[in-house]
Amino acid sequence: MSVSFRKSVARMADRALTKLGVDPGIATAIKGCDSVLQVRFPVRIGNRTEVFTGWRAVHSSHRLPAKGGIRFATSVNQDEVEALAALMTYKCAIVDVPFGGSKGGLVIDPSQYSRDEMQVITRRFTVELARRNFLSPATNVPAPDMGTGQREMAWIADTYKNLFPSDLNHLACVTGKPVHLGGIAGRVEATGRGVQYGLQELFRQPEAESWAGLRGDLAGKRIVVQGLGNVGYHAAKFLSEDDQARVTAIIERDGALIDEGGLPVEEVFRYKVEHGGVRGFPGVDFEPDGARVLERDCDILLPAASENQITADNAPRIQTRLVAEAANGPVTFEADEILRSRGIAVLPDAYLNAGGVVVSYFEWVRNLSHMRFGRMGRRLEELRGVHYARAIEELTGKQLSVGIRAEIGHGSDEIDLVRSGLDDTMRMALRAILERYRDDPAIKDLRTAAYVVAVEKILRCQVDIGVF
């Protein structure tokens, strides 16, 4: 019998808690949400009044602020919000971001409302959260999630500023804002970029062959992507363009596109935006039953849609060497057990999906410092590079090419620093996970290793402040 999303996340954490011998009472405290807010509020839409229901869950406030996205979807419910909040706690701990875990959601289909109507609804939801202290630069900082983006984050930030005009750090109340409104370069694609960096680092490790049966680098690897939203699109685009991987199938709500030679990700994405789906994309095979394509033979299966996509029902038919969880919770607890028993490796969401919160951390710090990254050092770096180029030319007696001089003389701007910080974070986090995996024969998979890393950090923090 399948369990709920929240219980699935808790059971995955149980493996680590059991491995560490954590007291049952402390384990219960770590797994449960600290607080959950449910709000119901009316909004006048045209000549009618609609009542909307939303939630904001704080899983852990062992570090503040608590951090996590806001999801706008008809599927939103309290169980999902609590599960996602718990994942955020573990995620932040794994990648060494000093946040607790939180998540929010509103039951709504954004496609059914105009821009002006969505603005009114979003601003009203913001008021409901702020007046109950579930929105603040110091205590609870949302970000985009399914159904939300830069636009909604800008509305939230502006509403908070109007509610608390004396808060100097009002821009830090939310991340994922447009760059010109206090956002940071690289945030939109951060989760997808983090997926790329995580897979790149895995393929640098000897475990990639022994653990997942994958040799060499990412070049030529066959990838099936489920979900061409923000995360799936950017991950597929970067992996195919930068790493020369082959995206052999893209699964969307209306079906799946298949081409063993590799799909043109950018063209497919533009077609989807224009037509509302992938059906009818020319020159490739189309399969109306997208769920069947999840079971297609590939080197890497990259679920980037929503939770509970690989279950006990289809897990026995999954044909891949590696499941790279780009979405939150795409593999249920029962399916995870089946995949592990079949020798299929899983790179867990609590690690691989963390790129968004890493760059959100950078944005939050940027907002608190009131200065863009690179502002004070960029020109100094450029000048130092010019001196290096001149020194090389004097020592060798040869003129450097224009391209080489430009590379040496390039000063790091904000996007360079963001990508560097994200790459370093994903590398170091995976190395910490692999170290636990290597050193403890009782740990049989990377998910358990990742949760062990997270729980140890959370416990250390709670013990040091005297909670346990």
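The following exercises, each with a worked solution, concern a predicted model.

Residues carry numbers from 1 along each chain as its sequence is written, and side-chain values use heavy atoms, with hydrogens and water left out. Because the model is predicted, local features need a pLDDT of at least 70 and side-chain atom pairs count only at pLDDT 80 or more, whereas totals for chains, interfaces and linings use all residues.

**Exercise 1. Confidence**

State the mean pLDDT of the chain, and identify which elements have the lowest and the highest mean pLDDT.

Solution. Begin with the scale: pLDDT is the predictor's confidence in each residue, from 0 to 100. The chain average is 94, and 99% of the residues score at least 70. Next, turn to the elements, which are DSSP runs numbered from the N terminus: helices (H or I) of at least four residues and strands (E) of at least two. Helix α7 has the lowest mean, 72, and strand β6 (residues 140-141) the highest, 98.

**Exercise 2. Cysteines**

Determine how many disulfides the structure holds, and explain why C33 and C173 form no such bond.

Solution. A disulfide is a covalent bond between the sulfur atoms of two cysteines. The criterion applied is a pair of cysteine sulfur atoms within 2.5 Å. A search of the whole structure with this criterion returns zero disulfides. For C33, the closest cysteine sulfur belongs to C92 and lies 14 Å away, which is too far for a bond. For C173, the closest cysteine sulfur is again in C92, at 17 Å, also too far. The surroundings may be added, using relative accessible area (1.4 Å probe, protein chains only): buried is under 20%, exposed over 50%, and partly exposed in between. C33 is partly exposed at 24%, while C173 is buried at 0%.

**Exercise 3. Helix α1 against α11 and α3**

Describe how α1 packs against α11 and against α3, giving the angle and the residues of each contact.

Solution. Axes are lines fitted to C-alpha atoms, for helices over the stretch in contact, and angles run from 0 to 180 degrees between N-to-C directions. Angles under 35 degrees count as roughly parallel, over 145 as roughly antiparallel, 65 to 115 as roughly perpendicular, and the rest as oblique.

Step 1. The axes of α1 (residues 5-19) and α11 (residues 333-341) come within 8 Å and cross at roughly 45°, so α1 is oblique to α11. With contact meaning heavy atoms within 4.5 Å, S8, R11, M12 and R15 of α1 meet F333, E334, D336, E337 and R340 of α11. Ala, Val, Leu, Ile, Met, Phe, Trp, Tyr, Cys and Pro count as nonpolar, Asp, Glu, Lys and Arg as charged, and the others, Gly among them, as polar. On that basis, this contact comprises two nonpolar, one polar and six charged residues.

Step 2. The axes of α1 and α3 (residues 78-94) are 7 Å apart, at an angle of about 30°, so the two helices are roughly parallel. F5, R6, V9 and A13 of α1 touch D79, E80, E82, A83, L84, A86, L87 and Y90 of α3. These residues divide into eight nonpolar, no polar and four charged.

Step 3. Return to α11, in which F333, E334, A335, D336 and L339 are buried. Their cover includes α1, β12 (320-324), β13 (345-347) and α17 (446-464).

**Exercise 4. Backbone geometry**

Locate P65, D96 and N308, and state what is notable in the backbone of each.

Solution. Most residues other than glycine have a negative phi, and most peptide bonds are trans. The peptide bond from L64 to P65 is cis, with omega near 0°; P65 sits in the loop between β2 (48-60) and β3 (66-67). D96 has a positive phi, near 55°, in the loop between α3 and β5 (100-107), and is exposed at 56% relative accessibility. N308 has a positive phi near 60°, in the loop between β11 (298-303) and β12, and is partly exposed at 33%.

**Exercise 5. Two residues in helices**

For W211 and G385, decide whether each is buried or exposed, and list the residues each contacts beyond four places in sequence.

Solution. W211 belongs to α7 (residues 207-212) and is buried at 14%. W211 touches L202, L322, A345, V346, L347, Y437 and L446. G385 belongs to α14 (residues 378-396) and is buried at 3%. The contacts of G385 are I408 and G409.
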